[in-house]
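User: I would like to learn how to read pockets and sheets in a model. Please take me through them one feature at a time.
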Amino acid sequence: MSIEVQNLSKRFGNFRALDDVSLHIETGELVALLGPSGCGKTTLLRIIAGLEQPDQGRVWFAGEDATDVHVRHRQVGFVFQHYALFKHMTVFENVAFGLRVKHRSQRPPEAQIRQKVHELLGLVQLDWLADRYPSQLSGGQRQRIALARALAVEPRVLLLDEPFGALDAKVRKELRRWLRRLHDELHVASVFVTHDQEEALEVADRVVLMNAGRIEQVGTPREVWESPATPFVYGFLGDVNQFKGQVHDGVWRDHGLSLPAPEFAGAGPAEAVAYVRPHDLEIARPGTGSEGIPVRLNHAYLAGPSAFLELAREDNGQLIEAQLPEETFRALRASEGDALLARPRHARVFAAGG
């Protein structure tokens, strides 16, 4: 079932949580709502679920207006960050809960409920824990039980609010892969909220970048990473260095450096900022004919196959981060305090203040 939100706005007092947000999600698509705290992603998820009402705008499920449909009748499965499992119930009873509280006219027979619960526990690979209580489970196991409970009512839409936020990094990584495989089997429209860029880029079919109640960009993980639409997106998706310079007729210049800026072809001279990822910086020693921004090496450390450098510009003290292959750094033979040159290999240029 597809989801369509049209021109949603929502205020809480003087705070504008959503500002004219529109989005389409296809059946079987896994979409990540990504952004910093307070950007509106959880509010958008709760409006889709029916837990909040928009001040304006509509929500459509499979072409039908669901804006005023009660949450109980939306057939939405919701998974929260902190599991929200019933502590006094066994794993089996937690998963069965949604089926047993249905109206008598819709409630399946007990034998059918038991079969359904065992199938779901098998799906999340925890059928052997049916008689345990939540307090006897690990965090990762509890989250999988919470997901099984959400799936028990056969939702048309699956919504997850920071589902792995309370778990440690190793468990999160395992559950991300597991969720991706499970979603491919279920083939329902799924939306999950996260502030973890790596999580969104690894799991989602499409990523929705949100900031200050608005959508900044929607695209596949590759699209938003390789072609950020705004400075916010560039800065939010990983580390980035900013270099101020001038752009003129499709070329950005600073300190004798020049970089292509095709978005500004034909434009007159203007202040512009080049956004450069740490791995897109070349670092060299000063020498005859060398060009680059003069810097000094403050600190360097090795992690796996890469070296991470903290550099300071000679002219204004701005800190710059660079990431080099380990062998490249070793060949440089640089020590803390050494004078070096930083030269961007690739950049995305935005107008200053854009």
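User: Which residues lie nearest the centre of the largest pocket?

Analyst: Rolling a probe the size of a water molecule over the atoms shows where empty space is left. In this predicted model, the lining of the largest pocket has 23 residues, and Val71, Arg72, Val76, Gly98 and Val153 are nearest the centre. Strand E6 (76-79), helix H2 (91-100) and helix H4 (139-152) are the elements that give two or more residues to that lining.

User: How much space lies in the largest pocket, and how do its lining residues divide by class?

Analyst: The space comes to about 870 Å³. The lining of this pocket consists of 13 nonpolar, seven polar and three charged residues.

User: How much space lies in the second largest pocket, and which residues are closest to its centre?

Analyst: The second largest pocket holds about 230 Å³ of space. It is lined by 14 residues, with Asp239, Pro278, Phe308, Glu321 and Gln323 closest to the centre. The elements giving two or more residues to this lining are strand E16 (293-303), strand E17 (306-313) and strand E18 (319-325).

User: What is the make-up of that second lining by class?

Analyst: The lining of the second largest pocket has six nonpolar residues, along with four polar and four charged ones.

User: Turning to sheets, in what order do the five strands of the open sheet run?

Analyst: A sheet is read from one edge strand to the other. Here the order is E15-E19-E16-E17-E18, and the pairing is antiparallel. Strand E15 (281-284) and E18 each have a single partner strand, so they stand at the edges and one side of each lacks a neighbour in the sheet. On average, and with direction ignored, neighbouring strands in this sheet are turned by 45 degrees against each other.

User: How many bridges join E15 and E19, and which residue in E19 stands opposite Ala284?

Analyst: E15 pairs with strand E19 (residues 339-344) over four bridges, in the antiparallel sense. The residue in E19 opposite Ala284 is Leu341.

User: One single residue to finish: is Pro260 buried or exposed?

Analyst: The relative accessible area decides, and exposed means over 50%. Pro260 has a relative accessible area of 62%, so Pro260 is exposed. Pro260 belongs to strand E13 (residues 257-260).

User: How far apart are Pro260 and Asp249, in sequence and in space?

Analyst: Pro260 and Asp249 are separated by 11 residues in sequence, and their C-alpha to C-alpha distance is 9.5 Å.

How values were computed: Residues numbered from 1 in each chain as written. Predicted model: local features only at pLDDT ≥ 70, side-chain atom pairs only at ≥ 80, totals over all residues. Heavy atoms only, no water. 1 Å grid on protein atoms, 1.4 Å probe; cavity = no way out; pocket = protein on both sides within 12 Å on 5 of 7 lines; lining within 4 Å. Points joined across faces, edges and corners; volume = space filled by probe spheres on them. Nonpolar A, V, L, I, M, F, W, Y, C, P; charged D, E, K, R; others polar. Pairing = 2+ DSSP bridges. Axes fitted to C-alpha atoms, helices over the stretch in contact; angles between N-to-C directions. Buried < 20%, exposed > 50% of the residue type's maximum accessible area, 1.4 Å probe, protein only.
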